[in-house]
Each structure stands twice: as structure tokens, then as C-alpha cells.
Amino acid sequence: MTVDGPYEIPPLDDAADISRTTAPQPGETLADTRNWAGFGLLFIGVLVAVAAAVVALWGFGTAALVVTIFAVVTVLAGVALVAVEQVRRRARNIAAPEEAPAWQAVVPPGS
């Protein structure tokens with residue numbers, strides 16, 4: 001949509017305005033840098049889990065248990081961070097039209 005003064009001009013071909021959809025577009029989750037901390041923790045947790053498996057194969061049971069616990073905590077923290085950010089994103093995207101900023105004039109259909 002283009003903006004002409006205070007009003008938005010709807011597309012001439014009645015195409016959907018994909019810039020305002022609430023569903024995430026392909027790749028949007030990875031492009032959002034607020035998720036990177038959670039994805040980083042997930043990556044570290046997977047690496048630590050592999051290290052725990054290697055330590056267990058070497059025969060150090062107690063050390064493997066400690067490393068495994070650290071891996072589980074790290075993966076759970078990463079999942080929690082990503083999930084919390086998804087909930088926050090949905091809360092930001094579900095804004096009622098009357099709560100729209102002044103620069104974002106809402107044009108009723110058929111205008």
C-alpha cells in the first residue's frame with residue numbers, strides 16, 4: 001500500500017497486504033534478532049550434549065552426568081527464550097485498529 005497524505009491507498013488489484021499479516025512469513029523467525037539468544041543457547045546445548053556423549057563413551061560416568069545436566073538446562077533455557085519471544089511477538093502483532101498509531105490510518109473496505 002502506498003500512503004497519500006493521511007490516507008492509505010489500497011492496491012488496485014485487490015492483492016493481500018502481506019506487510020500486515022499476523023502469521024510469520026518464511027524466514028521471519030530467524031531474521032528477528034530477538035530470537036538469537038534462544039537459538040544460541042539451543043546450539044550450545046546441543047554441542048554440550050554431544051560432549052556429554054563423548055565423555056560418557058570415554059568412561060567418565062560422573063563427569064558425563066554433570067555435563068548432561070548442564071546440556072539439558074541449556075536446551076530448556078533456549079526453548080524457553082524462543083517460546084517467550086514468540087508469545088511477545090504475537091502480543092505485539094495483535095493490535096486493535098483503534099490502537100493503531102496516528103500515522104497508520106485505517107481505511108475501511110470499499111472506500
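Over residues 64-84 the chain is 100% helix and 0% strand, with the end C-alpha atoms 30 Å apart. Residues 36-58 come out much like a rod on paper too: 96% helix, 0% strand, and end C-alpha atoms 33 Å apart. Both spans carry the feature "transmembrane region" in UniProt, where the entry is unreviewed; positions there are given in the numbering used here, feature names are shortened, and such annotations may be inferred rather than shown by experiment.A few ground rules come with the model. This is a predicted model in which local features need pLDDT of at least 70 and side-chain atom pairs count only at pLDDT 80 or more, while totals for chains, interfaces and linings use all residues. Residues are numbered from 1 along each chain as its sequence is written, and side-chain values use heavy atoms, with hydrogens and water left out.

On confidence, the chain averages a pLDDT of 78, and 54% of the residues score at least 70; pLDDT is the predictor's confidence in each residue, from 0 to 100. Among the elements, H2 has the highest mean pLDDT, at 95, and strand E1 (residues 2-4) the lowest, at 51. Where pLDDT is low, the predicted coordinates should not be read in detail.

As for the overall layout, the chain has 3 helices and 2 strands, and from the N terminus on they run β-β-α-α-α. Helices (H or I, at least four residues) and strands (E, at least two) are DSSP runs, numbered from the N terminus. Buried residues account for 15% of the 111 residues, where buried means under 20% relative accessible area, exposed over 50%, and partly exposed in between (1.4 Å probe, protein chains only). The accessible surface adds up to about 8300 Å², and 71% of that belongs to carbon and sulfur atoms; the areas come from the Shrake-Rupley method with a 1.4 Å probe, and for residues only the protein chains shown count as cover. Of the contacts between residues at least 6 apart in sequence, 58% join residues at least 24 apart, a contact being heavy atoms within 4.5 Å.

Several residues show how H2 and H3 meet. Thr74, in helix H3, counts as buried because its relative accessibility is 6%. Leaving aside neighbours within four places in sequence, Thr74 is in contact with Leu41, Ile44 and Gly45. Ile44 itself lies in helix H2 and is partly exposed, with a relative accessible area of 41%. Ile44 also pairs up in space with Val75: the two are 31 residues apart in sequence, and 7.8 Å apart from C-alpha to C-alpha. Leu76, likewise a helix H3 residue, is exposed, at 55% relative accessible area. The C-alpha atoms of Leu76 and Gly38 are separated by 9.5 Å, with their positions 38 residues apart along the chain.

Further toward the start of helix H3 sits Ala64, which counts as buried at 8% relative accessibility. Setting aside neighbours within four places in sequence, Ala64 is in contact with Ala52, Val55 and Ala56. The C-alpha atoms of Ala64 and Val54 are separated by 8.2 Å, the two residues being 10 apart along the chain.

Val54 also turns up on the surface, in a nonpolar patch of about 530 Å² made together with Val46, Val50, Trp58 and Phe60. Patches are made of residues with over 30% relative accessible area and no salt bridge; like charges are joined within 9 Å, and nonpolar side chains (Val, Leu, Ile, Met, Phe, Trp, Tyr) within 5 Å. Phe60 has its place in the loop between helix H2 (36-57) and helix H3 (61-93).

Then there are the charges. A search of the whole structure finds 2 salt bridges, each defined as a side-chain nitrogen of Lys or Arg within 4 Å of a carboxyl oxygen of Asp or Glu. One joins Arg34 to Glu85, with the closest N and O atoms 3.6 Å apart. Arg34 lies in the loop between helix H1 (28-31) and H2, and Glu85 in helix H3, so the pair ties together parts that are 51 residues apart in sequence. The two partners differ in cover: Arg34 is partly exposed, with a relative accessible area of 48%, whereas Glu85 is buried, with 6%. Glu85 also forms a salt bridge with Arg88, where the closest N and O atoms are 3.9 Å apart. Arg88 and Glu85 are 3 residues apart in helix H3, so about one helical turn separates them. Arg34, Glu85 and Arg88 are thereby linked in a network of salt bridges.
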